[in-house]
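Q: Please take a close look at one part of this model, the helix packing in the second domain, and describe how that part sits beside the rest of the chain and the ligands.

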Amino acid sequence: MAVYTEVTDDELNAFIAQYDLGAVLSCKGIAEGVENSNFLLVTERGPFILTLYEKRTRREDLPFFLGLMEHLADKGIACPLPVQGTDGLALRELAGRPAVIVTFLAGMWPRRITPHHCAELGTALARLHLAVADFRMERPNALSLDGWKDLAGKCAPRADEVARDLRATLEAELAALEANWPAGLPSGVIHADLFPDNVFFRGDGLSGLIDFYFACNDFLAYDIAICMNAWCFEVDGSFNATKARMLLTSYQKVRPLSPAELAALPWLCRGSALRFLLTRLYDWLNHPPGAFVRPKDPLEYLRKLRFHQTVRGLGDYALDDGGSYQV
Ligand SMILES: Nc1ncnc2c1ncn2[C@@H]1O[C@H](COP(=O)(O)OP(=O)(O)OP(=O)(O)O)[C@@H](O)[C@H]1O
Ligand SMILES: N[C@@H](CCO)C(=O)O
């Protein structure tokens, strides 16, 4: 489970004493997630989430992530809000890790994705992209072309243990992406990890977005490509064009895409597939034996990459009308 760092009762009580949250009633590790240690913390003021930031989340990026959540909440986007201590600070230290308490968001992430979920997602993603237009902090995407090359280099010696010719596939794909990666598309802050487990629903309605710890500046349409990969494939590996249409149509009702953004989607989907293939492959090859967290399957993203490699244009996604299908 995703609790890499244990917290003693004494440490927790001393930590909570810095907030106006009353006494701790309970604090339980949350099994979901793979990146950070998360606890459901219940105090006399109600439920909160306590997060201790682990390996991939760099301390120097935390003011960007916390500032972004505050900005989004201020704009009416339902997302966790960092809780400040009595000294006005939200970011502090616990058990040797940077740590933050954020507000608890009610809802459940969808286990079985329907086209309706994708429509709700499209609306929320477009609203997010509009809401960040005046967010002034910046964070370059460390997991774009240069970051992929770095990860591919680290994985190369053992990549073929995971799939036949994977090393050569990665090298060829990196070269293709380098030659074809789009330039000049509308950019801004993107979520960059908006998988189903980061999107909460209450009943049929989307109730909030969580986990902004990969957010960064990049092409806005790249966020759509990440969502197409994470939401629009079935467990048997097939691409579900209806889900992608719902996603694109509802996104475009809030923020229409330019022809250049639509045309770039196949390459953005390839890049996004490679990004998650590489981080999963790295974790697969490097997770400590006996660790509680089960690394995610890199081959799922190799299959998605292979699908996108066959795509020559939006027509191959059955999206040649740019997803202007009426929901
Ligand atoms: N603000 C919140 N309100 C309610 N539940 C939350 C909140 N933040 C996190 N959780 C719970 O904790 C789980 C893990 O959180 P999160 O996705 O942020 O962790 P992570 O380790 O960064 O995961 P990931 O693998 O998605 O990057 C979520 O699936 C959810 O159940
Ligand atoms: N969403 C990521 C894990 C969290 O960073 C994945 O599924 O690979």
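A: What follows goes through the helix pairs one at a time, then turns to the ligands and the domain boundary.

The model is predicted, and everything below is computed from it. The protein chain is split into domain 1, residues 9-103, and domain 2, residues 115-317.

Start with helix H8, residues 259-286, and helix H4, residues 145-159, whose axes lie 9 Å apart at an angle of about 45 degrees. That angle makes H4 oblique to H8, because angles under 35 degrees would count as roughly parallel and those of 65 to 115 as roughly perpendicular. The crossing of H4 past H8 is left-handed. On the H4 side, the contact consists of Trp148, Leu151, Ala152, Lys154, Cys155, Arg158 and Ala159. On the H8 side, Leu274, Arg275, Leu278, Thr279, Leu281, Tyr282 and Leu285 meet them. By class, the residues of this contact are ten nonpolar, one polar and three charged.

H8 also packs on helix H6, residues 220-231, with an angle of about 60 degrees and 8 Å between the axes. H6 and H8 are therefore oblique to each other. Here the crossing is right-handed. From H6, the residues in contact are Ala221, Tyr222, Ala225, Ile226, Met228 and Asn229. Their partners in H8 are Glu261, Ala264, Leu265, Leu268, Cys269, Ser272, Ala273 and Phe276. This contact of H6 with H8 divides into eleven nonpolar, two polar and one charged residue.

H4 has a further partner in helix H5, residues 166-180; the angle between H4 and H5 is about 165 degrees and their axes are 9 Å apart. An angle over 145 degrees counts as roughly antiparallel, so H4 and H5 are roughly antiparallel to each other. H4 and H5 cross in a left-handed sense. Leu145, Trp148, Lys149, Ala152, Ala156 and Ala159 of H4 meet Leu166, Arg167, Leu170, Leu174, Leu177 and Glu178 of H5. The contact of H4 with H5 holds nine nonpolar and three charged residues, with no polar ones. Trp148, Ala152 and Ala159 of H4 are thus listed in the contact with H8 and also in the contact with H5.

Next come the ligands. Around ligand 2 are Val34, Glu35, Asp193, Phe195, Phe276, Thr279, Arg280 and Lys296. Two of these also take part in helix packing: Thr279 is in the H8 contact with H4, and Phe276 is in the H8 contact with H6. By class, the shell of ligand 2 has three nonpolar, one polar and four charged residues.

Ligand 1 is surrounded by 19 residues, of which Gly33, Glu35, Pro80, Leu105 and Asp211 are the closest. Glu35 is therefore listed around ligand 1 as well as around ligand 2. The shell of ligand 1 divides into ten nonpolar, four polar and five charged residues. Domain 1 and domain 2 each supply at least three residues to the shell of ligand 1.

Last is the boundary between the domains. The centres of domain 1 and domain 2, taken over C-alpha atoms, are 27 Å apart. Contact between the domains involves 18 residues of domain 1 and 17 residues of domain 2. On the domain 1 side, the touching residues are ten nonpolar, four polar and four charged.

Definitions and conventions:
Residues are numbered from 1 along each chain as its sequence is written. Chains are lettered from A and ligands numbered from 1 in the order in which they are written. This is a predicted model: local features need pLDDT of at least 70, side-chain atom pairs count only at pLDDT 80 or more; totals for chains, interfaces and linings use all residues. Domain bounds come from an automatic or database domain assignment. Two residues are in contact if their C-beta atoms, placed from the backbone, lie within 7 Å. Ala, Val, Leu, Ile, Met, Phe, Trp, Tyr, Cys and Pro count as nonpolar, Asp, Glu, Lys and Arg as charged, and the others, Gly among them, as polar. Axes are lines fitted to C-alpha atoms, for helices over the stretch in contact, and angles run from 0 to 180 degrees between N-to-C directions. Helices (H or I, at least four residues) and strands (E, at least two) are DSSP runs, numbered from the N terminus. A crossing is left-handed if the near helix is turned anticlockwise from the far one by less than a right angle, and right-handed if clockwise. A residue is near a molecule or strand if its C-beta atom, placed from the backbone, lies within 6 Å of it.
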